[in-house]
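Student: I've got a model open and I'd like to learn how to read it. Can you walk me through it?

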Amino acid sequence: MSSRRERTSRTNESRAIGLSTADRRLPTADRTELRVTGFGGQGVVLSAYIIGRACIQAGRHATMIQSFGPEARGASCSATLVISPEEVLYPYIQRPEILVAMSSDGYEKFRNELREDGTLIYESD
């Protein structure tokens, strides 16, 4: 691993590769950003994981970051996924093209991040 890329410690709040500012690349046109949000126990993280694995099987690169509270179920959580034909060097999303909202709380919290021409997939309560 190069000296500019260092692994950060893995916590239950996020998993990512820490990069120096010089390594951060802006999203490219081929890069797809996705956020899945909902409550713990709904399969938010599993959904993003399955989508990411499917993209890898299709020959693309994918990186997932998950965020959730200390509660096992019921707390809000989200997972972000970056999909690209090239190696993903900056795993954080800017403005997702796809927002999957499994709860109204998740929709309210992240709706302003969605691109104007983005796709919203939601579960009606």
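Tutor: Sure, let's start with the vocabulary. Helices and strands here are DSSP runs, with at least four residues for a helix and at least two for a strand, numbered from the N terminus. Keep in mind that this is a predicted model.

Student: How many helices and strands are there in the chain?

Tutor: The chain has two helices and seven strands. Reading from the N terminus, their order is β-β-β-α-β-β-β-α-β.

Student: Okay, and what does the confidence look like along the chain?

Tutor: pLDDT is the predictor's confidence in each residue, on a scale from 0 to 100. The chain averages 79, with 74% of its residues at 70 or more. Strand 6 (residues 98-101) has the highest confidence, a mean of 96, while strand 1 (residues 5-7) has the lowest, at 31. For residues 1-26 the pLDDT is below 50, and that stretch has 38 contacts in the model beyond near neighbours in sequence.

Student: What about contacts between residues far apart in sequence?

Tutor: Take the contacts between residues at least 6 apart in sequence: 60% of them join residues at least 24 apart. For a single residue, try T63 in strand 4 (residues 61-68). Beyond its neighbours within four places in sequence, T63 touches T80, L81, V82, V88 and P91. You can also check a C-alpha distance: T63 and I83 are 20 residues apart along the chain, and their C-alpha atoms are 6.8 Å apart.

Student: On to cysteines. How many disulfides does the structure hold?

Tutor: A disulfide is a covalent bond between the sulfur atoms of two cysteines. The structure holds zero of them.

Student: Are C55 and C77 buried or exposed?

Tutor: The cut-off for buried is under 20% relative accessible area. C55 is buried because its relative accessibility is 16%, and C77 is buried because its value is 8%. Across the 125 residues of the chain, 34% count as buried.

Student: And the surface itself, how should I read that?

Tutor: Begin with the total: the chain's accessible surface is about 7900 Å², and carbon and sulfur atoms account for 48% of that. Then look for nonpolar patches. L46, Y49 and I50 form one on the surface, with about 330 Å² of accessible area together.

Student: Where does Y49 lie, and why does Y49 count as partly exposed?

Tutor: Y49 lies in helix 1 (residues 44-57). Partly exposed runs between the 20% and 50% cut-offs, and Y49 counts as such because its relative accessible area is 46%.

Key
Residues are numbered from 1 along each chain as its sequence is written. This is a predicted model: local features need pLDDT of at least 70, side-chain atom pairs count only at pLDDT 80 or more; totals for chains, interfaces and linings use all residues. Side-chain values use heavy atoms; hydrogens and water are left out. A disulfide is a pair of cysteine sulfur atoms within 2.5 Å. Buried means under 20% relative accessible area, exposed over 50%, partly exposed in between (1.4 Å probe, protein chains only). Patches are made of residues with over 30% relative accessible area and no salt bridge: like charges are joined within 9 Å, nonpolar side chains (Val, Leu, Ile, Met, Phe, Trp, Tyr) within 5 Å. Accessible areas come from the Shrake-Rupley method with a 1.4 Å probe; for residues, only the protein chains shown count as cover. A salt bridge is a side-chain nitrogen of Lys or Arg within 4 Å of a carboxyl oxygen of Asp or Glu. Contact means heavy atoms within 4.5 Å.
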